Amino acid sequence: MTIFKKTKNVNQCPYCAGQGYFQLRLGGSETCSCCSGSGKK
Ligand SMILES: [Zn+2]
């Protein structure tokens, strides 16, 4: 029985993976509206 502790990304924004912005396919980036660019939850 294996238990995975998911504590690594607990404080990261789930939408931008802690980056604070989205990388757009067309080029450039867009600030994450969920965390306002902080990358934290
Ligand atoms: Zn975010």
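Ser 36 sits in the segment after β2, the strand covering residues 29–31. Keep in mind that this is a predicted model. The backbone at Ser 36 does something a little unusual: its phi is positive, near 60°, and this residue is not a glycine. Most residues other than glycine have a negative phi. Ser 36 is also exposed, because its 11 other C-beta atoms within 10 Å fall under the limit, which is 12 or fewer.

Now go to the other side of the strands. Where does Ala 17 lie? Ala 17 belongs to the segment before β1, the strand that runs over 21–23. Here too phi is positive, at about 60°, and again the residue is not a glycine. Is Ala 17 buried or exposed? Ala 17 counts as exposed, because it has 12 C-beta neighbours inside 10 Å and the exposed class takes 12 or fewer.

Next come two cysteines. Cys 32 is found in the segment after β2, and Cys 34 lies in the segment after β2 as well. Cys 32 counts as partly exposed, because 19 C-beta neighbours inside 10 Å is short of the 20 or more needed for buried. Cys 34 is partly exposed too, with 15 C-beta neighbours inside 10 Å.

Here are the counts for these residues side by side:

| Residue | C-beta neighbours within 10 Å | Class |
|---|---|---|
| Ala 17 | 12 | exposed |
| Cys 32 | 19 | partly exposed |
| Cys 34 | 15 | partly exposed |
| Ser 36 | 11 | exposed |

Which residues does Cys 34 touch, once you leave aside its neighbours within four places in sequence? They are Cys 13, Tyr 15 and Cys 16. Take Cys 16: it is 18 residues from Cys 34 in sequence, and their C-alpha atoms are 8.4 Å apart in space.

Cys 32 has its own list of contacts, not counting residues up to four places away in sequence: Cys 13, Tyr 15, Cys 16, Gly 20, Tyr 21, Phe 22 and Gly 37. With Phe 22, 10 residues away along the chain, the separation between C-alpha atoms is 6.2 Å.

Finally, zoom out to the whole protein. How many helices and strands does the protein have? There are zero helices and two strands. Of its 41 residues, 2% count as buried. Among contacts with a separation of 6 or more, 20% are between residues 24 or more positions apart.

Terms used:
Residues numbered from 1 in each chain as written. Predicted model: local features only at pLDDT ≥ 70, side-chain atom pairs only at ≥ 80, totals over all residues. Helix = DSSP H or I, 4+ residues; strand = E, 2+ residues; numbered from the N terminus. Contact = placed C-beta atoms within 7 Å.
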